[in-house]
Amino acid sequence: MQRKKISLTILTAMVGLGTLLSACGNQDEVKPAASSSPKSEANKFANKMKITMFNQGTFNAAAPIPPREEDVQRQMLEKAVNIELDMMIPQGGQATTKLNTLIAGGDIPDMIFLKSRADLAQYYDQGVLADLTPYLDQFPELKKRFGKDSWDAMTYQGKTIGVPGYDNVNGVRSLFLRNDWLKKLNMKVPTNPDELFEVMKAFTEKDPDGNGKNDTYGFIGGMNKEGTLQTYGFDYLMNMFGVNPPAAIEVKDNKPVFLFTDPKMKEALAYINKMMTAKVVDPDWVTMNTPDLLDQKLYKGKVGFMIRDARSWNRMPNRK
């Protein structure tokens with residue numbers, strides 16, 4: 001079968017699974033790049049390109065793509081290689097249907113990010129993807145980035161139809177505390193739960209942003225749609241007392257300790273109740289059931305203390 005539309009592919013291997021990027025064009029039009037020279041290096045990104053990307057990543061289906069003005073990583077990428085990136089992220093469970101519809105209509109994305117090696121082979125058999133083998137020598141640093149096993153995993157029928165990559169990283173949660181508010185209120189970074197409570201109380205009651213309005217809070221947390229506190233902030237507060245939701249049992253002196261009935265749990269819950277009673281928690285916490293909603297609270301700058309993925313800070317406009 002003659003391939004009318006072929007995509008150059010990058011597949012990120014994740015222990016047998018992977019992610020795939022592709023740049024499409026006619027098979028006969030795929031040509032080696034010109035040899036490097038000072039002139040070609042200076043001009044290789046001279047012409048701005050618009051690139052479409054289909055991204056079947058491990059995303060929260062409820063979280064929309066951040067606007068370009070809030071997506072710092074996207075801005076850096078577009079500037080570095082002079083492109084305009086148009087990214088499509090399908091809803092959960094709809095990736096295959098959406099991609100197949102695009103392919104059937106001849107509207108193959110320039111880059112395709114997949115998680116399954118089986119899908120990669122299928123799309124190669126359909127003529128959607130191209131053999132990258134003849135072009136890898138042009139990218140020696142890319143070849144050195146991954147070991148032989150990773151490259152072998154991207155080989156199908158003797159052809160290299162994907163570029164390996166790294167497993168998905170969920171990020172590291174961090175405690176964000178407004179240092180500018182601490183300075184304005186002449187307070188120090190807290191070192192224990194009692195000091196932290198006093199800071200949250202001051203952030204709520206003493207107008208730390210100086211706008212003359214009672215519109216700031218010491219803390220914002222939430223819970224996911226299943227009703228658990230994990231990853232949304234309150235669990236970190238409970239960690240201060242030695243409780244680690246959703247863990248139910250801890251082994252101490254070779255004996256099981258049931259954390260839900262342990263005195264440490266009572267201390268942790270009493271502390272959170274104290275926060276609620278003092279109204280230092282943003283009341284919107286009951287609706288904070290997706291990470292992007294918490295990120296928006298961060299961006300608005302009306303909360304002095306929260307616990308989020310550290311990468312959220314990189315996306316915050318005018319961060320200090």
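The largest share of the lining of the largest cavity, three residues, comes from α3, and I should say at once that we are looking at a predicted model. Both α3, residues 95–104, and α4, residues 117–125, supply at least two residues each to that lining. The residues around the cavity are F54, Q56, A95, T96, L99, L114, D119 and Y123, and they divide into five nonpolar, two polar and one charged. The volume of this largest cavity is about 30 Å³.

To see how empty space is found at all, remember that rolling a probe the size of a water molecule over the atoms shows where such space is left.

Let me turn to the sheet, starting from F54, one of the residues of the lining. Which residues does F54 stand opposite or bridge to? In β4 the residue opposite F54 is M88, while in β5 the bridge partner of F54 is I112.

Three strands make up this open sheet, in the order β4-β3-β5, and the pairing is parallel. Because β4 and β5 stand at the edges, each with a single partner strand, one side of each is left without a neighbour in the sheet. On average, neighbouring strands are turned by 20° against each other, direction ignored. Helix α3 packs on the sheet and touches β3, β4 and β5, with its direction making about 140° with that of β3.

As for the pairing itself, β3, residues 49–55, and β4 are joined over six bridges, and β3 and β5 over three.

Finally, in a regular strand the side chains alternate between the two faces of the sheet. In β4, I83, L85 and M87 form the covered face, whereas E84, D86 and M88 form the uncovered one.

How values were computed. Residues numbered from 1 in each chain as written. Predicted model: local features only at pLDDT ≥ 70, side-chain atom pairs only at ≥ 80, totals over all residues. Heavy atoms only, no water. 1 Å grid on protein atoms, 1.4 Å probe; cavity = no way out; pocket = protein on both sides within 12 Å on 5 of 7 lines; lining within 4 Å. Points joined across faces, edges and corners; volume = space filled by probe spheres on them. Helix = DSSP H or I, 4+ residues; strand = E, 2+ residues; numbered from the N terminus. Nonpolar A, V, L, I, M, F, W, Y, C, P; charged D, E, K, R; others polar. Buried < 20%, exposed > 50% of the residue type's maximum accessible area, 1.4 Å probe, protein only. Pairing = 2+ DSSP bridges. Axes fitted to C-alpha atoms, helices over the stretch in contact; angles between N-to-C directions. Contact = heavy atoms within 4.5 Å.
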